[in-house]
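Please open the model in your viewer and keep the selection tool at hand. The stops below are meant to be taken in order.

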2 protein chains.
Amino acid sequence: MHSRASLNWSRTQCSNGSWKLVYFVTCLGFLQKKSKFCKAICNGLNFDMDIPAFSLPRTSVWSSIYISSYKSYDIDIAVSSLPFIHTPPTTKKMAETRIRFGILGCANIARKVSRAMLLSPNTTISAIGSRSLEKATAFATENHFPESTKKYGSYEAVLDDPDVDAVYVPLPTSLHLRWAVLAAEKKKHVLLEKPVALNVGELDKILEACESSGVQFMDATMWMHHPRTAKMKEVLSDPQRFGHLKSVHSTFSYVGEGDFLKNDIRVNPNLDALGVLGDAGWYSIRAILWAYGYELPKTVTAFGDPEYNESGVILSCGASLNWKEDGKVATFYCSFLSNLSMDITALGTKGNLRVHDFVIPFNENVGPFYTVANSRWAELSLGCEPEPSEFKITTVLPQEALMVQEFGRLVQGIRCGEAKPEKKWPTLSRKTQAVIDAVVASINIGFKPVDVVY
Amino acid sequence: MHSRASLNWSRTQCSNGSWKLVYFVTCLGFLQKKSKFCKAICNGLNFDMDIPAFSLPRTSVWSSIYISSYKSYDIDIAVSSLPFIHTPPTTKKMAETRIRFGILGCANIARKVSRAMLLSPNTTISAIGSRSLEKATAFATENHFPESTKKYGSYEAVLDDPDVDAVYVPLPTSLHLRWAVLAAEKKKHVLLEKPVALNVGELDKILEACESSGVQFMDATMWMHHPRTAKMKEVLSDPQRFGHLKSVHSTFSYVGEGDFLKNDIRVNPNLDALGVLGDAGWYSIRAILWAYGYELPKTVTAFGDPEYNESGVILSCGASLNWKEDGKVATFYCSFLSNLSMDITALGTKGNLRVHDFVIPFNENVGPFYTVANSRWAELSLGCEPEPSEFKITTVLPQEALMVQEFGRLVQGIRCGEAKPEKKWPTLSRKTQAVIDAVVASINIGFKPVDVVY
């Protein structure tokens, strides 16, 4: 008699002390936004609200309940107690407009992104393929895919499915060229995991295939789609409070657990030969380009001490980037051997900006960042003012769902004949990859400066 | 009928809600530490405490009042309402043990450090010399030096004064060699502003003179003496919560106001030829060495885009430092052209540490820093835990007074015949200068790696 329910919600405390809840109820790709005021919001599960009427098939399997900004609980709910009103809308219009994803492979990251496809109001999952049909079937079940999802024992079958509009490709990087090109040739829009390719040459083949087929290309760099990212860009663009950018430093590091450093795909020279540079470094390089308005640096100089595993795959590295203009510089450091860090520090002539969880916010619903402008020493330099201010940017949908939603929106536009593929996204991928290539080249020639070719 | 009073205090809230105040009352080098419990601590100036009896000459000019951790007020107090009991102690013992400073020159920074000499309980000011007697006299008055302070129209006269135990040398760097050596030869202990010299060769002459005369040498890197620095070192040294250090990034930048970039001493090639590298870069290089337990890097590679003023003095630059062992790296960036930043980000195998005001705390009485350990991705990598924690380290005496106090303590030990000069401080100065020299050398040979010579 118990099933599980998924509520994604955010809360705001009102001036009178009561709480406003905004919550999304999702199942099988269907999503409703609700809000409610109540006096108290969390007393175990007996919070001060009735679960209101919403569309919910009684037999669904739901994933979890997220309560408050800071904790998530995984709790059974008596579905029988929920006041069901009607089943999800399946009108022709909804069915037509929702973009249907096919997923190639059962990578771990696909769990998160498939959840996002179900959270996003304009997408759904219609197929998953793996080299093993059993694996695909189990993955679909474990991740609460719609019952209608087709499970295939090959990637090709997904690409041949006429009910698939777009594919998400979380395969190891070495396989991107083959499968992304084939997907584009089969007229499937391509959401491609990063790093998008082993080098710009490979990426160009993928992008050419997408352009030739008129399909949308986007890499799965989720943080680009968090509303915080746009807000931070506003700060960087403010001539009065930031001035112009002079220096950026970004890090992304985390410790691979267990036998990660030996056996994970990300350190396998045959699967992800770029190692930490392609995995974590990708984000920091993108962050630097993002901060500099995607103006490419002139040269890249790798730091002298990369670390490698026994197979020769990079586990930690960094580089300095030079624009040869106005003293503009940037540095990044990425590592599988240092505790989690996800920092951007951007220094401008009039202000600066810091963020410490830019890749994946510590908390799914709130992204903080810190800025200060026009700092001044206090009298006798006994201190300085003002202190940095914290900004918290809330989001109801997590950044990966916003990414999927944006991808879906672009694909919808193309399908309706209202738009051409958005060229911004392949351009950003290619610029990021070009810097990665330069870092690799600099390492290969002994940490000397390398021109960035684009 | 009104004069001004200086109270430096910190507060702690007790479990019963009342507050414990610890405050220092200072004037003319005399300092008393007091504490008091009271129910409420701040209601404008009518806080819930009587200003208690303390030693205070009725005619003194006081500087300011600092209330709470976050705000400073500059307020007149009716001195006539203060319950004066007696005048400052001038017993023979006090007079003998208090270290008497002579100050060479009227640099701006000397205002802050002379205040520190008066705040520190074991030091005082007995002389100031300038090339202009009028300037020295005005400086002594403006900065509330003891009335007994001797004012001289030359630096030599300070060095020849038998009532001067130690000299503080805030002169431009080009003058350090001459005056620090002469001071040491005159058996004066030397507190020397940074950068200590134009290069290690000059510094060695200073250090040799100090060693030969048996006097203490210390550079005026104030943040080394903040209790936060020791606490942060504890964090970095914790094998369970930090692991071992892999990467450090440090910045120190601020915007020189007015005609700073053309006319300030710090960008005058004849006075401070190292420019921002010697001024701001000094701190970041020291921070990196501090974090790495003062193990020198093997090589230094300057970033490719330094900026210069019209006189060829560096206004912004940076470098990467390599230990050629265990992937240990560091980077720093310093600038007179970017808004204030004073960051250290240290990444260890199990934790990390961040501080954003390491050079001069935003607030004189509280130094915050941020750490996190053993971070883990949440389920589905929807977030990560734990979030960084803030630590706030309070100090009653500001860091520059703690510096002066420590210098005074070392000098007292030498004067009593109980101790030899502490070699730690000249060693740290020399290591910092050695890295600066390597950065200069790397810039001069086109941003190639340079071995650090020590």
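This tour goes through a predicted model, stop by stop, with a selection to make at each.

**Stop 1: strand 9 of chain A**

Select residues 123-129 of chain A, which form strand 9. Is this strand enclosed or open? Seven of its seven residues are buried, so strand 9 is largely enclosed by the rest of the structure. The cut-off behind that word is a relative accessible area under 20%.

Now add residues 99-104 of chain A, which are strand 8. Strands 8 and 9 of chain A run parallel and pair over six bridges. To see one of these pairings, pick Leu104(A), whose bridge partner in strand 9 is Gly129(A). The route between the two strands goes through helix 2 of chain A, residues 108-119, and this β-α-β crossover is right-handed.

Next add strand 10 of chain A, residues 150-152. Strand 10 is parallel to strand 9, and three bridges join the two. Here the bridge partner of Ala127(A) is Lys150(A). From strand 9 the chain passes through helix 3 of chain A, residues 133-142, to reach strand 10, again in a right-handed β-α-β crossover.

**Stop 2: Lys150(A) and its salt bridges**

Stay on Lys150(A) and show side chains. Which residue does Lys150(A) meet in a salt bridge? The partner is Asp163(A), with an N to O distance of 2.9 Å. Lys150(A) sits in strand 10 and Asp163(A) in the loop between helix 4 (155-160) and strand 11 (166-169) of chain A, so the pair ties together parts 13 residues apart in sequence. Both ends count as partly exposed: Lys150(A) has 29% relative accessibility and Asp163(A) has 32%.

Widen the selection to Arg100(A), Asp161(A), Asp165(A) and Arg415(A) as well; together with Lys150(A) and Asp163(A) they are linked in a network of salt bridges. Over all chains, the whole structure holds 48 salt bridges.

**Stop 3: Lys328(A) and Glu295(A)**

Select these two residues next. They form a salt bridge whose closest N and O atoms are 3.0 Å apart. Lys328(A) belongs to the loop between strand 17 (314-322) and strand 18 (329-335) of chain A, and Glu295(A) to the loop between helix 9 (275-291) and strand 15 (299-302), so the pair ties together parts 33 residues apart in sequence. Lys328(A) is buried at 9% relative accessibility, whereas Glu295(A) is partly exposed at 29%.

**Stop 4: the interface of chains A and B**

Color by chain and look at where A and B touch. How many residues does the contact take from each chain? It takes 66 from chain B and 66 from chain A. About 5300 Å² is buried between them, 58% of it on carbon and sulfur atoms. On the chain B side, select Asn339(B), Phe362(B) and Leu382(B): these lose the most area to chain A, together 14% of what that side buries.

The interface has eight salt bridges and 25 residue pairs in polar contact. Elements of chain B that each supply at least two residues to its side include helix 2 (108-119), strand 14 (245-253) and strand 19 (341-348).

Two of the charged pairs are worth a selection. Glu379(A) and Arg111(B) meet in a salt bridge of 2.7 Å, N to O. Glu379(A) lies in the loop between strand 22 (376-377) and strand 23 (384-385) of chain A and Arg111(B) in helix 2 of chain B, so this pair joins two chains. Glu379(A) is exposed at 54%, and Arg111(B) is partly exposed at 23%. In the other pair, Glu257(B) and Arg376(A), the closest N and O atoms are 3.5 Å apart.

**Stop 5: backbone details**

Select Lys194(A) and Pro195(A), which are joined by a cis peptide bond with omega about -5°. Pro195(A) is in the loop between strand 12 (189-192) and helix 6 (200-213) of chain A. In chain B, the bond from Glu385(B) to Pro386(B) is cis too, with omega near -10°.

Then go to Leu380(B), a residue other than glycine with a positive phi, near 65°. Leu380(B) is buried at 17% relative accessibility.

**Stop 6: Ser442(B)**

Finish in helix 11 of chain B, residues 424-444, at Ser442(B). Ser442(B) is buried, with a relative accessible area of 0%. Its contacts include Val300(B), Thr301(B) and Phe447(B). Phe447(B) has a positive phi of about 70° although it is not a glycine, and Phe447(B) is partly exposed at 26%.

Technical notes:
Residues are numbered from 1 along each chain as its sequence is written. Chains are lettered from A and ligands numbered from 1 in the order in which they are written. This is a predicted model: local features need pLDDT of at least 70, side-chain atom pairs count only at pLDDT 80 or more; totals for chains, interfaces and linings use all residues. Side-chain values use heavy atoms; hydrogens and water are left out. Buried means under 20% relative accessible area, exposed over 50%, partly exposed in between (1.4 Å probe, protein chains only). Helices (H or I, at least four residues) and strands (E, at least two) are DSSP runs, numbered from the N terminus. Two strands pair if DSSP finds at least two bridges between them. A crossover is right-handed if, with the strands pointing away from the viewer, the path from the first strand over the helix to the second runs clockwise. Contact means heavy atoms within 4.5 Å. Buried area is the accessible area (1.4 Å probe) that two parts lose on being put together, summed over both. A salt bridge is a side-chain nitrogen of Lys or Arg within 4 Å of a carboxyl oxygen of Asp or Glu. A polar contact is a pair of N or O atoms within 3.5 Å; within protein, one must be able to donate a hydrogen and the other to accept it, and residues adjacent in sequence count only if both atoms are side-chain atoms. Lists of a residue's contacts leave out its neighbours within four places in sequence.
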